[in-house]
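Open the model in your viewer and show the ligand as sticks. Have the selection tool ready.

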Amino acid sequence: MKVIKVKDYQELSQYASKIIIDLIKEKPNATLGLATGSSPLGLYENLIESYKKGEISFKDVKTFNLDEYIGLPKTHKESYYSFMHRNLFDHTDIRKENINLPNTEGEDIEKEVKRYNDSFNQASIDLQLLGIGSNGHIGFNEPGTPFDKETSVTKLAENTREDNKRFFNSMDEVPEYAITIGIKNILQAKKILLIANGKNKADAINKLINGEVTEDFPASALKNHPDVTIVIDEEAAELI
Ligand code: F6R
């Protein structure tokens with residue numbers, strides 16, 4: 001694991017976005033695994049800026065998102081479908097057919113789990129972008145998830161719902177379930193880029209860097225991958 005410590009969120013977004021911009025320049029038809037949440041917002045702004053300057057195009061880029069809430073329609077502003085369109089896709093020339101997210105609107109969720117897992121496994125992810133939960137989750141693979149698990153319906157941990165409450169009016173509105181790709185799927189990516197900022201992530205980053213590999217701390221599975229870069233700001237690095 002390569003650990004890059006930078007000063008603040010701005011530098012983190014700069015550093016991490018450059019990795020993705022360089023990848024797209026080198027491989028214009030790259031397949032990216034993408035995350036939602038607060039951590040990648042600055043990075044996505046930088047990708048949009050780079051696209052607007054004409055440095056990169058998303059015309060041939062393919063994307064696969066990690067997860068999607070169950071129980072929110074696509075049109076809900078906190079669905080990950082809406083999040084990705086609002087914060088990245090709508091501001092680039094990416095083709096609709098190249099965007100992939102679990103679709104949790106249909107009746108048959110298990111069928112969708114299988115469909116998404118199959119299409120994810122057929123794609124070869126050049127770079128998987130990850131945030132990390134304060135409890136060490138990656139995607140929505142909560143503590144205790146077997147490392148060999150593939151895409152599934154997952155029940156969000158209560159502390160994950162607490163962490164995500166900030167996006168909703170009340171705790172009642174925070175979804176309880178999601179579809180997430182599994183740890184096994186994540187580890188198939190050629191490269192993994194994990195970003196974390198703020199004091200709230202310091203404990204998780206310490207466990208990731210200095211702790212043991214255990215299913216009780218899902219992100220520790222990344223130690224089994226040969227090409228992982230972690231970019232953290234000073235606050236997230238506080239305990240290492
Ligand atoms: C998002 C995802 C989650 C987040 C994690 C950190 O698609 O799968 O694992 O990356 O919860 O979220 P933020 O960045 O909001 O702290």
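This tour starts at the ligand and then moves out to the pocket around it.

Keep in mind that this is a predicted model.

**Stop 1: the ligand shell.** Select the ligand and show its neighbours. It is surrounded by 14 residues. Ser39, Asp67, His137, Gly139 and Lys201 are the closest. By class, the shell holds 8 polar, 3 nonpolar and 3 charged residues.

**Stop 2: polar contacts.** Which atoms of Asp67 approach the ligand? Select Asp67: an N or O atom of its side chain lies 2.5 Å from a ligand oxygen. Next, pick His137. Here too the side chain supplies the N or O atom, at 2.7 Å from an oxygen atom of the ligand. Then go to Gly139. This time a polar backbone atom is 2.7 Å from a ligand oxygen. Now turn on the surface. The ligand taken alone exposes 410 Å², and the protein buries 93% of that.

**Stop 3: the pocket.** Where does the ligand sit? It occupies the largest pocket. The volume of this pocket is about 520 Å³. Its lining counts 29 residues, and those closest to the pocket centre are Gly37, Ser38, Asn164, Arg166 and Lys201. Lys201 is also among the residues closest to the ligand.

**Stop 4: the walls.** Colour strand E4 (67–70), helix H3 (80–87) and helix H5 (158–164). These elements each give two or more residues to the lining of the largest pocket. H5 provides the largest share, 3 residues.

**Last stop: lining by class.** Colour the lining by residue type. Expect 13 polar, 11 nonpolar and 5 charged residues.

Note on methods
Residues numbered from 1 in each chain as written. Predicted model: local features only at pLDDT ≥ 70, side-chain atom pairs only at ≥ 80, totals over all residues. Heavy atoms only, no water. Near = heavy atom within 4 Å. Polar contact = N/O pair within 3.5 Å; in protein donor to acceptor, adjacent residues only side chain to side chain. Areas by Shrake-Rupley, 256 points an atom, 1.4 Å probe, with all protein chains shown as cover. 1 Å grid on protein atoms, 1.4 Å probe; cavity = no way out; pocket = protein on both sides within 12 Å on 5 of 7 lines; lining within 4 Å. Sits in = over half its atoms within 2 Å of the grid points. Nonpolar A, V, L, I, M, F, W, Y, C, P; charged D, E, K, R; others polar. Points joined across faces, edges and corners; volume = space filled by probe spheres on them. Helix = DSSP H or I, 4+ residues; strand = E, 2+ residues; numbered from the N terminus.
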